[in-house]
Amino acid sequence: MALKIIDHGTPEYQQMIQLREEILRRPLGMQFDTEELESERQNILMAAYEEDQMLGCCMLVEEAPDTVRLRQMAVLDDLQGKGIGKALMNFAENIARDRGYKKITMHARRNAQGFYEKMGYRKKGEEFHEITIPHYVMEKQL
Ligand SMILES: CC(C)(COP(=O)(O)OP(=O)(O)OC[C@H]1O[C@@H](n2cnc3c(N)ncnc32)[C@H](O)[C@@H]1OP(=O)(O)O)[C@@H](O)C(=O)NCCC(=O)NCCS
């Protein structure tokens, strides 16, 4: 498996949108709109690959000079539970550290809370709803 940074607007970015639609949006009856995708140009986009197949992805968005927010973490359905999410998370944390960030925060789906806890993230505050499903703010000092 290879972990890499991908660029906005490339064929790899198209693969990423497809994966995210399949895993994160279609199950909720939702899809991305052009404006939302255009706003991702500033973000650090990352993916795990096996040859040409994208297995999983995530992104980091700057929230403050010392803080990035993790978004859009997704692994292909039939490959979940095999360590791909963990590898992506470690990759994202290393990139955040290298770029001088001190904290990662996120809106974690409740069904993924246990995954993030295993990666050292802690819940902050009460449960809330976003895109129709329960979430928690979770964060970790790097
Ligand atoms: C959540 C997700 C990204 C995790 O990636 P993954 O590749 O399946 O996770 P890994 O195999 O790397 O798991 C790492 C550890 O977390 C655990 N884990 C994985 N998913 C979990 C979950 N949903 N709840 C509790 N623990 C979980 C694994 O058992 C493993 O534990 P171990 O180290 O003790 O063996 C992936 O399952 C996914 O895409 N889910 C659907 C979309 C989603 O909910 N994304 C998160 C949006 S906030």
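The following exercises, with worked solutions, concern a predicted model.

**Exercise 1. Determine whether the length of helix α1 agrees with its number of residues.**

Solution. Helix α1 covers residues 11-25. The expected span is 1.5 Å times one less than the number of residues. For the 15 residues of α1, this gives 21 Å. The end C-alpha atoms of α1 are 20 Å apart, which agrees with the expectation.

**Exercise 2. Identify the buried residues of α1 and the elements that cover them.**

Solution. The buried residues of α1 are Y13, M16, I17, L19, R20, E21, I23, L24 and R25. Their cover includes the strands β1 (2-6), β2 (44-50), β3 (53-64), β4 (67-75) and β5 (103-109). Helix α2 (34-38) also contributes to this cover.

**Exercise 3. Establish which residues E21 touches and whether it has a salt bridge.**

Solution. E21 lies in helix α1 and is buried. Leaving aside residues up to four places away in sequence, E21 touches R26, P27, Q31 and F32. The nearest side chain of opposite charge is that of R26, 4.7 Å away. A salt bridge requires a side-chain nitrogen within 4 Å of a carboxyl oxygen. E21 therefore has no salt bridge.

**Exercise 4. Decide whether C57 and C58 form a disulfide.**

Solution. A disulfide requires cysteine sulfur atoms within 2.5 Å. For C57, the closest cysteine sulfur is in C58, at 7.0 Å, and this is too far for a bond. For C58, the closest is in turn that of C57. The count of disulfides is 0. Both cysteines are nevertheless buried: the relative accessible area is 0% for C57 and 0% for C58.

Terms used:
Residues are numbered from 1 along each chain as its sequence is written. This is a predicted model: local features need pLDDT of at least 70, side-chain atom pairs count only at pLDDT 80 or more; totals for chains, interfaces and linings use all residues. Side-chain values use heavy atoms; hydrogens and water are left out. Helices (H or I, at least four residues) and strands (E, at least two) are DSSP runs, numbered from the N terminus. Buried means under 20% relative accessible area, exposed over 50%, partly exposed in between (1.4 Å probe, protein chains only). Lys and Arg count as positive and Asp and Glu as negative; His and the chain ends are not counted. Contact means heavy atoms within 4.5 Å.
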